[in-house]
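Trainee: I am new to this structure and would like a close look at a single part of it. Please take me through it slowly.

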Amino acid sequence: MEKLKGIPAAPGISIGSAHLVGKEEFNVAPYKIRLQDVPVQIQLFEDALIKTRKEIVELQKKISKDLGRDEAEIFDAHLLVLEDRILIEEVILQLKKEHFNVAYIFQEVIKKYIRVFSRIEDEYLKERISDINDVGRRVIRNLLGEKGISVQNKKEQFIVVAHDLSPSDTAAMHKNKILGFITDIGSKTSHTAIMAKSLEIPSVVGLEIATSKIKNDDQLIIDGFSGLVILNPDKDTLKIYKKKEEQVKKITKKFISLKSLPAKTTDDKRVRVMANIELPEDIPSVVQHGAEGIGLYRTEYFYMNRTTLPTENEQFEAYKFVAQAISPHPIVIRTLDLGGDKFLSHLEVPREMSPFLGWRAIRFCLAQPDMFKAQLRAILRASKFGKLKLMYPMISGVDELRQANKMLSECKAELRKKHVDFDEELEVGVMIEVPSAAMTADLLAKEADFFSIGTNDLIQYSLAVDRTNEKVAYLYEPAHPAVLRMIKKVIDDGHNAGIWVGMCGEMAGDPCFSLLLLGLGLDEFSMPPAVVPQIKQVVRTFSFADAQNIAIGAMKLSTAKEVEEFTKKFIEKTEFQIL
Ligand code: PEP
Ligand code: MG
């Protein structure tokens, strides 16, 4: 038995066997593609074949020069496999028939070839297996790109162990097969961790040595509350964690049974407890956990794990679906927030030295008016099917807000001209996640209908701590006095201008900070759906007067540690502590 300490990323206890991903290429997970994406997938396949051919020819030249022509002959056989018309045609045929991602289809065809060749009693043909293997791996690597991560199409449930997972890798995984995530790198508010929370999959990140310590099929316990991973636990430890798993289930069940009660303090102060979603598929979880609407819809996931940009119509259908599904509750749709740690493989975006400080979110959208306006029109068109609100990410000052609003006005004018209905009263809000926005919140409030504080970014930018870097995770402190002062300023500035102020960063879903935020006057808390019942219960257990006193006390303290100890004291004696 060995204990590994990492960073808790998504709560929960998981017990299961390890499955390492990203170490071999014949592990591509299938996902369905749309009929209209088949030609794009064929193109991807052809590009990968051309790239692989180039690689092999170059390798052949080098070996021929270094070791001689005879040694380089092996690559003739590789080129023969690569150019085998029957193999290529079979892949294209299967792609047209099955509609799965081409990397998966190609992998399955290669596996079939290997099976057939290994049954033949012919030494020459048997030797070809290693050629097929080699070429197959090269093509798959080129299809997936260097960042490609794959998950084996396994039947049983397992715990994914990886060096790193991108948010889109995480989003593409089969929820019901995966018991947990463990990664060497990453931190609490990386989008991979946020995605794991959304999927309700216990996760520990930033373990640094997980992939070198853990082997396939090792038994693992993940404690997503404390960030502990136990490798090959002994009987007693297993018993303790099975009991804890049961306890967690029991309390979660109790909270869920109270989910329909309003988020109201004992002295009748009403706030809204909402859910964050990444995909329309998350809606059932929002309803199941009793959220009073959606406070953040991260639309960028709709652009991921596909080969083309979504059209305006497709987006309209998706937003309309979400608006109707959640009606009469409101939903805040955030416009595209790409960049940082979220990328699209098919968009040509140059690599940057500091992507979180670079061409991200609203900056990226303002520079791509066609793409941005397609999304704005889709949101406007969907707005008459429910209670939609729109907000922009990463606004750094009034200028950017005006530029975005100018494009929105142009979209409105285009729709009016075409007699397309939309909600003329659509609320337009600003995410406050850049310190300059927090410091000019009084100015922004004059031109916005609401604020939503994005603490995940606000913390990283104000404390100069990369939110995805496990090495500096100890400095990532939501309760740092600098952060608390900004939050207070934003709430006060918003209220002075007569607009409501919400929070959709992870801090809003941390019970340790609920009372402090409530006391500072936050109107809306938005969080991963699974945490909603718990936060509602925290709000319902205390009075607003208590919360205000806690806020006054916390604001006088000098360090994040002192604030955390102070606020924790109030929930320590309650059962909220355990989750
Ligand atoms: C935030 O920054 O707090 C936020 C909610 O946005 P994201 O996590 O998607 O960057
Ligand atoms: Mg953000």
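Which domains does the domain assignment of the protein give, and what coordinates the magnesium ion (ligand 2)?

Mentor: This is a predicted model, and its domain assignment gives domain 1 (2–23 + 150–233), domain 2 (35–144) and domain 3 (267–578). The C-alpha centres of domain 2 and domain 3 lie 46 Å apart.

The magnesium ion (ligand 2) is coordinated by Glu433, through OE, and by Asp457, through OD, at 2.0 to 2.1 Å. Glu433 lies in the loop between strand 13 (427–432) and helix 16 (435–439), while Asp457 belongs to helix 18 (residues 455–463), so the pair ties together parts that are 24 residues apart in sequence. Both Glu433 and Asp457 are buried.

Glu433 also leads us to the other ligand, since an N or O atom in the side chain of Glu433 is 2.9 Å from an oxygen atom of ligand 1. Ligand 1 is surrounded by 17 residues, and the closest are His191, Arg298, Arg334, Asn456 and Arg467. For Arg298, a polar side-chain atom lies 2.7 Å from an oxygen atom of ligand 1, whereas for Thr455 a backbone N or O atom lies 3.1 Å from an oxygen atom of ligand 1.

Turning to the packing, the largest nonpolar core has 119 residues, and those with the most contacts inside it are Ile294, Tyr319, Phe372, Tyr392, Phe451, Ile453 and Ile487. Domain 1 (2–23 + 150–233) and domain 3 (267–578) both give residues to this core, so the core lies between them. A second, separate core has 33 residues, among them Ile42, Ile56, Val81 and Val139. Tyr392 can serve as an example from the 119-residue core: leaving aside neighbours within four places in sequence, the contacts of Tyr392 include Thr335, Ile362, Phe372, Leu376, Leu401 and Val430.

Glu292, a charged residue worth following in the same way, lies in the loop between helix 11 (283–288) and strand 10 (294–298), and it is buried, with a relative accessible area of 12%. The side chain of Glu292 makes a polar contact with the side chain of Arg270 at 2.7 Å. Not counting residues up to four places away in sequence, Glu292 also touches others, including Pro262, Val271, Met274, His329 and Lys536.

Lys536 brings us to helix 21, where Lys536 is one of the buried residues. Helix 21 (residues 532–541) is mostly covered, with eight of its 10 residues buried. These buried residues pack against helix 10 (235–257), strand 9 (272–277), helix 20 (511–520), strand 16 (524–527) and helix 23 (560–572).

Some details of the backbone remain to be looked at. The peptide bond from Ser327 to Pro328 is cis, with omega near 10 degrees, and Pro328 is found in the loop between helix 12 (312–326) and strand 11 (330–334). Glu200, which is not a glycine, has a positive phi near 60 degrees; Glu200 lies in the loop between helix 8 (191–198) and strand 6 (203–205) and is partly exposed, with a relative accessible area of 36%. Asp217 has a positive phi of about 70 degrees although it is not a glycine; Asp217 is found in the loop between helix 9 (210–213) and strand 7 (219–223), and at 53% relative accessibility Asp217 counts as exposed.

Notes. Residues numbered from 1 in each chain as written. Chains lettered and ligands numbered in written order. Predicted model: local features only at pLDDT ≥ 70, side-chain atom pairs only at ≥ 80, totals over all residues. Heavy atoms only, no water. Donors = N, O, S within 2.8 Å, 3.2 Å for Na, K, Ca; no water. Helix = DSSP H or I, 4+ residues; strand = E, 2+ residues; numbered from the N terminus. Buried < 20%, exposed > 50% of the residue type's maximum accessible area, 1.4 Å probe, protein only. Core = buried A, V, L, I, M, F, W, Y, C linked by side-chain atoms within 4.5 Å. Domains from an automatic or database assignment. Contact = heavy atoms within 4.5 Å. Polar contact = N/O pair within 3.5 Å; in protein donor to acceptor, adjacent residues only side chain to side chain. Near = heavy atom within 4 Å.
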